[in-house]
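Biologist: I've got a model open and I keep tripping over the vocabulary. Can we go through it together, term by term?

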Amino acid sequence: MQRPHVVVVKLGTSVLTGGTDKLDKAHMVELVRQCCELKKQGYQVVLVSSGAVAAGREQLITPCGRSLIEKQMLAAIGQGQLIHIWQSLFALYGVNVGQMLLTRADVEDRERYLNARDTLNALLAHNVVPIINENDAVATAEIKVGDNDNLSALVAILANAEKLLLLTDQEGLFTGDPRSDANATLINEVSHINDELRELAGGSGTTLGTGGMATKLQAADIARRAGVEVIIAKGAGKNVILNCMADKLPGTRFLKLTAPKDGRKKWLLAGPKSTGQLVIDDGASLALKERGASLLAKGVKTVRGQFERGDVIEVVTSQGQCIAKGLVNFNHQEIDQIKGCHSSQITELLVFAPSSEVIHRDDMILL
């Protein structure tokens, strides 16, 4: 039996508050109704919900929330309130919800990543709507994903989703800032993300949330590489979710790329931060991109950063373009010794040579 298609819906703080400093519960009811309608159509729905800090701020009389500690406190107060609201609203339609709080550590570690994936899939298998947020009450800068846009992309990979809807206070990605440029036009479809497109993505459009169009572009780039179609659209108004699914809403659609079939490669896309870089020559770059070859020591020109065997590192061309990420078979000092050498020379140069490849192609994802 074929598994139902999964749709991940990311709801930004601006969508949930309607631009105010309080949760717009009337609009939340409307969003829940649409999610339940999608379920009737045979889809499985995952919500990535912002709003914990805003919900916490509602509960306190004294204004606060400027420092990290205060924001974590507000998240601790508001997260329970937020999930209670979602639980109550979905219960109106006889649908159960389950809460998952994640940090970057949950996707960087392979075992924890698999555990999170299994929990998410178990919730979906039992017809439960997962409500996912970053664990802001305990997350520090080192372990934060940083924003719910990128978190939603990681969740889409975890759930093996078909579509990711990034709902925000803008209709999509424009050729300029629509708030200041009257001639800015909406970009309806994106098939390739380049530096020019990244420059078009401005900062955060609101003081309520943490993500702007730049983070949405990052999220779209991650998700589409994993075979997920991404739509950025305005979250206000009636039937926004249903209209996105029916291609009836103004928005920016990011076409998906061919997804890697190997689970380890999807994990490499999902989260592990790179701890270093290897700059390679043009010959090695061509071999990686056109022949799907492993990275050999001969093609390495420069080692950047400090890393150990098994760490995730980036592979960069001489022109500075990052073309791959992978699990390295040597530490930074060892690669510095063997760079530019033939594979047959590795055993002569090192006391212990665990591999003839610096990064095996099975442990590498091309970008």
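Modeller: Sure, let's begin with arginine 117, which is partly exposed, with a relative accessible area of 30%. Before we go on: this is a predicted model, where local features need pLDDT of at least 70, side-chain atom pairs count only at pLDDT 80 or more, and totals for chains, interfaces and linings use all residues. Residues are numbered from 1 along each chain as its sequence is written, and side-chain values use heavy atoms, with hydrogens and water left out.

Biologist: Why is arginine 117 called partly exposed?

Modeller: Buried means under 20% relative accessible area, exposed means over 50%, and partly exposed is in between (1.4 Å probe, protein chains only). Arginine 117 has 30%, so it's partly exposed. Aspartate 118 has 42%, so partly exposed fits there too.

Biologist: What makes aspartate 118 and arginine 117 a salt bridge?

Modeller: The term needs a side-chain nitrogen of Lys or Arg within 4 Å of a carboxyl oxygen of Asp or Glu. Their N to O distance is 3.6 Å, so the pair qualifies. The whole structure has 12 salt bridges.

Biologist: How do you know that aspartate 149 and lysine 216 form one?

Modeller: They meet at 3.1 Å, N to O, so they're inside the cut-off. This pair links distant parts of the chain: aspartate 149 sits in helix α7 and lysine 216 in helix α9, 67 residues apart. A helix here is a DSSP run of H or I with at least four residues, a strand is a run of E with at least two, and both are numbered from the N terminus. Both aspartate 149 and lysine 216 are buried.

Biologist: What makes arginine 253 buried?

Modeller: Its relative accessibility is 17%, so it falls under the buried limit. Arginine 253 also meets aspartate 247 in a salt bridge (2.3 Å, N to O). Salt bridges that share partners join Lys163, Glu229, Asp247 and Arg253 into one network.

Biologist: Why is aspartate 363 called buried?

Modeller: Same check: 18% relative accessibility, so buried. Aspartate 363 lies in the loop between α14 and β13. Leaving out residues up to four places away in sequence, aspartate 363 touches Arg264, Leu268, Lys325, Gly326 and Leu327, where contact means heavy atoms within 4.5 Å.

Biologist: And how do you know that β9 and β11 pair?

Modeller: Two strands pair if DSSP finds at least two bridges between them. Three bridges join β9 to β11, so they pair, and they run parallel.
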